[in-house]
Amino acid sequence: EAEGASIVWQDLPPGLDPMSQLTKLTKQGRAKRKRQQLQSMIHAVSRVIQPGDTVCDFGSGQGHLGLLIAYLFPSTRVILIDHNSEKINMAKFRIDQIESGICDMKHSSKRKVCSFKDRIELCYSIGDIEYRPIDLGVGLHCCGNFTDMILAHCKSVKANFCISPCCYGQIKCNSIGIWRNNSWYRFWSAK
């Protein structure tokens, strides 16, 4: 699967590439940074993901990270969660485009990605999955206390997590050099 490898964007269905016109990242610099962020997250995810895992992409937006995980790790199920219905609608459109691209690629490639569309679920809130097990929680640009909510949910269902918050200005370094948000530290160190 994707472990340790660089993402070869031109080998993916266009709907997975932030540089594609399908993603609405029209500024080259922004799309390039998104590619780099996704590459870093996929590298981190590849170290903990297991075949058959259910992965939840919290604050998924239009699905950049979650859809890429679903494609690169074809035995996973992916849940995209975002409260913004416009972003969920964009994710639905991208899923259809990616599914179409995969069907086209099957005729010209040896790579098989079974039932891409069937392995993805769309939700509007953490409450939609409150009592369901997940194996891995991911989030890219999880603002403010949203990171804490994701960590709390992952802890409650005993899931691994790979999160990159955007509000790093709220994070402080402790005396031994471990970065932490004070409320996160109290939450995880509580007995």
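The exercises below, each with a worked solution, explore a predicted model.

**Exercise 1. The order of the sheet**

Task: Work out in what order the strands of the open sheet stand, and which strands are at its edges.

Solution: Begin with the pairing, keeping in mind that strands of a sheet pair through backbone hydrogen bonds, either parallel or antiparallel. In this model 5 strands form an open sheet in the order β3-β2-β1-β4-β5, and the pairing is parallel. Next, look at the two ends of that order: β3 and β5 stand at the edges with a single partner strand each, so one side of each is left without a neighbour in the sheet. Finally, follow the sheet from one strand to the next, where the twist averages 15°.

**Exercise 2. Strand β4 and its neighbours**

Task: Find which strands are joined to β4 by bridges, and name bridge partners of Gly137.

Solution: Take one neighbour at a time. Strand β1, made of residues 54-58, runs parallel to β4 and is joined to it by 3 bridges; here Gly137 of β4 is the bridge partner of Cys56. Strand β5, made of residues 160-164, also runs parallel to β4, with 5 bridges between the two. In β5, Phe161 is the bridge partner of Gly137, while Cys162 is the bridge partner of Val138. Between β4 and β5 the chain passes through helix α4, residues 146-156, in a β-α-β crossover that is right-handed.

**Exercise 3. The two faces of β4**

Task: Determine which residues of β4 point one way and which the other way, and whether they are buried or exposed.

Solution: Sort the residues by direction, which puts Leu136, Val138 and Leu140 on one side and Gly137 and Gly139 on the other. Then consider their accessibility: the residues of both groups are buried, in agreement with the count for the strand (residues 136-140), in which 5 of 5 residues are buried.

**Exercise 4. Helices against the sheet**

Task: Describe where helices α2 and α4 lie relative to the strands, and at what angles they run.

Solution: Start with α2, residues 64-72, which lies across β1, β2, β3 and β4 and runs at about 175° to β2. Helix α4 packs on the sheet as well, touching β1, β4 and β5, and its direction makes about 170° with that of β5. To complete the picture of α4, list its buried residues, which are Thr147, Asp148, Ile150, Leu151, His153 and Cys154.

**Exercise 5. Positive phi in the loops**

Task: Locate His141 and Lys158, give their phi values, and decide how exposed each residue is.

Solution: As background, most residues other than glycine have a negative phi. His141, in the loop between β4 and α4, has a positive phi near 70°. Lys158 is placed in the loop between α4 and β5, and its phi, near 60°, is positive too. For the last step, use the cut-offs, by which exposed means over 50% relative accessible area and buried under 20%, with partly exposed in between. His141 therefore counts as partly exposed, at 36% relative accessibility, whereas Lys158 counts as exposed because its value is 76%.

**Exercise 6. A loop residue before β3**

Task: Establish where Asp118 is found, and whether it is buried or exposed.

Solution: Asp118 belongs to the loop between α3 (85-106) and β3 (120-123). Its relative accessibility is 58%, so Asp118 counts as exposed. As a last step, relate Asp118 to Val78, which is 40 residues away along the chain: their C-alpha atoms are separated by 9.6 Å.

Notes: Residues numbered from 1 in each chain as written. Predicted model: local features only at pLDDT ≥ 70, side-chain atom pairs only at ≥ 80, totals over all residues. Heavy atoms only, no water. Buried < 20%, exposed > 50% of the residue type's maximum accessible area, 1.4 Å probe, protein only. Helix = DSSP H or I, 4+ residues; strand = E, 2+ residues; numbered from the N terminus. Pairing = 2+ DSSP bridges. Right-handed = clockwise from strand over helix to strand, strands pointing away. Axes fitted to C-alpha atoms, helices over the stretch in contact; angles between N-to-C directions. Contact = heavy atoms within 4.5 Å.
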